Amino acid sequence: MTAMTAVTVRVPAKVNLQLAVGPAREDGYHDLVNVFHAVSVFDEVTVTAREPGSAPGEIILRVTGETGSGPTRVPDDTSNLAVRAAAVLAHETGAGTPITIDLHKNIPVAGGMAGGSADAAATLVACDTLWKTGMAQQDLLDLAARLGSDVAFPLLGRTALGTGRGEVLEPLPCGGGLHWVFALAEGGLSTGEVFRAYDRLRPDAPQPQCDPALVAALASGDAAAVGAALDNDLQRAAVSLRPELSHTLAVGEEAGALGTLVSGSGPTCAFLAADERDAQRIAARLLEAGRCARTITAYGDVPGASVVS
Ligand code: C5P
């Protein structure tokens, strides 16, 4: 049997259906109630073994992809979360032959859809497979949670309730497919900056609570009720930093979306549509109005990071 030399993993973006944010904690993070929903916008991460001894332990990162998703803004050095993911797994397991990581981006960069976290999760799965480290899923989830608040969810995919700083996950049933339009903005927003803006706007934030109406609507597959329950506490903070997002949201609302919200910390805006045709119609309306750089239509929920070759 020849040794495996490359592994490709496909990993989805997420949108938050509810993002309730509590007050800032001692460690600077915020307690969240975070209903994650994986959507059919995928990055592909390929990890390739290089010749042993070529540059021991060194990890090379290459980034390609849709220009509109901003691949040139992805750091290609050790500050990239995917490189850190490979390094942490190598350190934990004693594995770690020299590798090249190729990120093919479709998920908007710094767009509030957890693209960087998805790439880190995919890298964990790819390296685990390539190095045959045989990690249990719970151990991968724990490693992912150490890398960032949103890294564990793309390992699971589908729909899940995240608590703590977002990393404690419990799957939620989603009874029917949901159709989405994402309006991409020029440039990204820093998650940390959006949380700091939130602290200025809501110094008295209460402890976050999960919305039972959303959970019930998801379970029964009632898209209109899901749309009515969409809620993101970070939306006002993101709009305070990028006021033009309020126009983008208004165009989607006027076009009859079942629900609208800023995705995560933004600046991507998400619109829930009745079906695929409705999603195409809302996307066309957003482009006509000139209120976004690009649109993507997608559906959810979809499975988490999985090996494709
Ligand atoms: O965990 P991650 O590195 O993705 O978080 C990025 C930044 O977002 C943190 O440095 C913090 O400022 C903010 N954050 C937060 N509370 C959370 C998650 C993230 O304040 N639960």
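**Exercise 1. List the residues around the ligand in this predicted model, and sort them by character.**

Solution. Taking a residue as near the ligand if one of its heavy atoms lies within 4 Å of it, we find Gly28, Tyr29, His30, Leu32, Gly148, Ser149, Arg165, Thr191, Gly192 and Phe195 around the ligand. The next step is to sort this shell by character, which gives three nonpolar residues, six polar ones and one charged one.

**Exercise 2. Find polar atoms of the protein that approach oxygen or nitrogen atoms of the ligand, and state how much of the ligand the protein buries.**

Solution. Begin with the side chains: an N or O atom in the side chain of His30 is 2.7 Å from an oxygen atom of the ligand, and an N or O atom in the side chain of Ser149 is 2.6 Å from an oxygen atom of the ligand. Then turn to the backbone, where a polar atom of Arg165 is 3.0 Å from a nitrogen atom of the ligand. These distances can be checked against the cut-off for a polar contact, a pair of N or O atoms within 3.5 Å. As for the surface, the ligand taken alone exposes 460 Å², and the protein buries 73% of that.

**Exercise 3. Place the ligand within the fold, from pocket to elements to domains.**

Solution. First, the ligand takes up the space of the largest pocket. Second, the elements that give two or more residues to the shell are β2 (30-49) and α5 (191-201), and of the elements it is α5 that gives the most, with three residues. Third, domain 1 (6-172) and domain 2 (178-300) both give residues to this shell, so the ligand lies between them.

**Exercise 4. Which peptide bonds, from Gly266 to Pro267 and from Gly300 to Asp301, are cis or trans, and where do Pro267 and Asp301 lie?**

Solution. As background, most peptide bonds are trans. The bond from Gly266 to Pro267 is cis, with omega near 5°, and Pro267 has its place in the loop between β9 (259-262) and β10 (269-273). The bond from Gly300 to Asp301 is also cis, with omega near 0°, and Asp301 lies in the loop between β11 (294-300) and β12 (306-307).

**Exercise 5. Is the phi of Ala114 positive or negative, and in which loop does Ala114 lie?**

Solution. Recall first that most residues other than glycine have a negative phi. Ala114 is not a glycine, and yet its phi is positive, at about 60°. To locate Ala114, follow the chain to the loop between β4 (99-105) and α2 (115-130), where this residue lies.

Terms used: Residues numbered from 1 in each chain as written. Predicted model: local features only at pLDDT ≥ 70, side-chain atom pairs only at ≥ 80, totals over all residues. Heavy atoms only, no water. Polar contact = N/O pair within 3.5 Å; in protein donor to acceptor, adjacent residues only side chain to side chain. Areas by Shrake-Rupley, 256 points an atom, 1.4 Å probe, with all protein chains shown as cover. 1 Å grid on protein atoms, 1.4 Å probe; cavity = no way out; pocket = protein on both sides within 12 Å on 5 of 7 lines; lining within 4 Å. Sits in = over half its atoms within 2 Å of the grid points. Helix = DSSP H or I, 4+ residues; strand = E, 2+ residues; numbered from the N terminus. Nonpolar A, V, L, I, M, F, W, Y, C, P; charged D, E, K, R; others polar. Domains from an automatic or database assignment.
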